[in-house]
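Colleague: Could you take me through the aromatic rings in this model, slowly, as if I were new to this? I'd like a close look at how they pair up, and then a word on what else you notice along the way.

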Amino acid sequence: MALSIPLPYVESTERVRFVSAFVGAMCVTSASLIARTAGDTLFLSSYGRDFLPYMFIGTPLVVSVLSYAFGTYLRKFALSQVIMVACVFLASCCMGLSVALAHPWGGFRIAAYFLGDLIVYGSMLLFWSFFGQIFNSRHAKRLLGPVGAGGTFACILAGLLVGPYTQRLGTANLLLLVALLLLIFGGAVFYLYRNEPSYLQTPPQDRRETKVSNLGYYTRLVKMVQVRNLALLVVVATVAVTLVDYQFKASVQSVYQGQTLAAFFGNFYFATNVLTLLIQVFLVSRLLQGSLLITLYILPVALLVGSLGTSLTAAFGWIVATKFIVQTATFTIDNSALQILYLGIRKQSYSQARAFIDGICKPLAMGVTGVVLVAVSDILPIHSLALGVSALAIIWLALVRKTYSVYVKGLIEGLGTRLFDLPQENTALHHQ
């Protein structure tokens with residue numbers, strides 16, 4: 001079935017893929033926002049901020065297991081099959097936990113927090129693996145803006161609905177909305193598979209490597225300089241962002257409780273997503289068509305400014321403002337630029353490399369941060385963590401430069417294998 005609806009910036013041969021990606025982005029971003037709001041509210045209302053550092057330790061264990069399974073099954077089955085099964089599994093977990101939360105046992109609220117993080121990391125891993133499979137670097141630079149704008153618009157609607165929905169039906173029932181959105185995302189993948197299955201087929205090189213052990217395969221990935229540099233960049237960024245996230249949640253919990261806490265999260269995410277939508281529509285595509293390096297610098301520079309303001313003033317407003325910066329820039333400018341760096345990895349290793357970096361390295365970085373927070377949370381005031389964020393932002397800037405250089409070198413080496421279309425590449429490449 002072909003789509004005949006005219007779409008801006010979309011070529012006729014891209015329409016089915018674009019619609020699938022657009023719907024998928026709307027579903028996974030809004031599901032992530034709702035799941036995180038539900039998990040944070042249920043946990044913080046029952047346990048407060050004292051146990052929050054331990055949750056940063058537990059999350060990597062949960063997410064890494066799912067990501068390891070994702071990378072393993074990708075070597076045996078088509079991407080579309082893995083995504084659809086994962087969506088059904090996650091949706092089933094949401095529905096089951098929503099029912100279980102009617103019981104007063106506190107363990108279900110801890111499970112809700114972990115499930116919220118699992119939805120955030122898992123659904124984004126599924127979506128960006130899907131996006132990277134169906135679009136190349138040139139198409140991604142043009143379409144990331146519109147696709148991201150769809151996801152941001154869905155988050156705005158979700159932010160508006162969270163407060164009224166929670167007051168009428170309860171926080172636990174937010175998980176039913178998450179389940180529905182995940183099933184719709186799985187349906188969008190199935191829609192593309194039925195209409196253009198060739199874009200979701202597993203590259204033949206992967207099938208020849210299925211006899212290699214999982215540990216051996218990940219060892220091969222680590223030996224790839226692009227994967228290694230990207231992993232290090234993501235680890236440093238994750239530690240910095242996790243510290244900011246802890247500062248924000250701990251500070252907010254000391255000011256708001258109960259339903260007012262859920263309402264604050266809903267209003268906060270609504271405000272951030274309004275700005276995010278404007279950035280996606282008017283700025284992201286222009287930045288990506290210009291200098292990718294400058295685009296990658298924006299978030300660490302902004303984070304450095306915000307963390308310095310927090311450390312100097314210790315004000316609640318600076319803590320919220322720093323989180324506001326992270327929330328708006330991470331899911332627009334920085335995330336879009338990072339996706340372009342991922343597309344520099346050869347197609348046969350793309351999904352597995354993403355599962356390794358986003359699904360294992362990133363959660364483990366969060367876990368290490370959680371261990372540090374357990375050790376220092378009772379000793380240091382919350383605002384003092386901003387000094388560590390400032391130092392990490394400086395390291396982040398240095399790693400951006402190094403990773404970008406490796407990316408450009410990889411593109412140049414891939415010219416002979418048609419890794420990207422040089423006549424259509426707008427970014428100026430300078431190399432001897």
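Modeller: Sure, let's begin with what a pair is: rings of Phe, Tyr and Trp (its six-membered ring) pair if their centres lie within 6.5 Å. Keep in mind that this is a predicted model. A pair of aromatic rings is described by the distance of the centres and the angle of the planes. With that in hand, the structure turns out to hold ten aromatic pairs.

Take F127 and W128 to start. Their ring centres sit 4.9 Å apart and the planes meet at 70 degrees. Planes over 60 degrees apart count as edge-to-face, so that's the label for F127 and W128. Both of these residues are buried. They also have company: ring pairs join F127, W128, F130, F131 and F185 into a cluster.

Now try F268 and F324. Here the centres are 6.1 Å apart and the planes are at 80 degrees, so this pair is edge-to-face too. What's fun is where the two partners come from: F268 belongs to helix α10 (residues 258-289) and F324 to helix α12 (residues 316-342), 56 residues apart, so to speak a link between distant parts of the chain. Are the two partners buried or exposed? Buried means under 20% relative accessible area, so F268 counts as buried at 6%. F324, at 25%, counts as partly exposed.

While we're on helix α10, have a look at L278, which is placed there as well. L278 has a relative accessible area of 44%, so it is partly exposed. This leucine helps make a nonpolar surface patch of about 490 Å², together with V274, L275, V281, F282 and L283.

One last stop, the cysteines. A disulfide is a covalent bond between the sulfur atoms of two cysteines. How many does the structure hold? Zero. C87, for one, is in no disulfide: its nearest cysteine sulfur, that of C27, is 8.9 Å away. For C94, also in no disulfide, the nearest cysteine sulfur is that of C93, 7.0 Å away. To count, the sulfur atoms would have to be within 2.5 Å. C87 is buried, with a relative accessible area of 2%, and C94 is buried as well, at 0%.

Technical notes:
Residues numbered from 1 in each chain as written. Predicted model: local features only at pLDDT ≥ 70, side-chain atom pairs only at ≥ 80, totals over all residues. Heavy atoms only, no water. Buried < 20%, exposed > 50% of the residue type's maximum accessible area, 1.4 Å probe, protein only. Phe/Tyr/Trp six-rings, centres within 6.5 Å; stacked < 30°, edge-to-face > 60°. Helix = DSSP H or I, 4+ residues; strand = E, 2+ residues; numbered from the N terminus. Patch = residues over 30% accessible without salt bridge, like charges linked within 9 Å, V, L, I, M, F, W, Y side chains within 5 Å. Areas by Shrake-Rupley, 256 points an atom, 1.4 Å probe, with all protein chains shown as cover. Salt bridge = Lys/Arg side-chain N within 4 Å of Asp/Glu carboxyl O.
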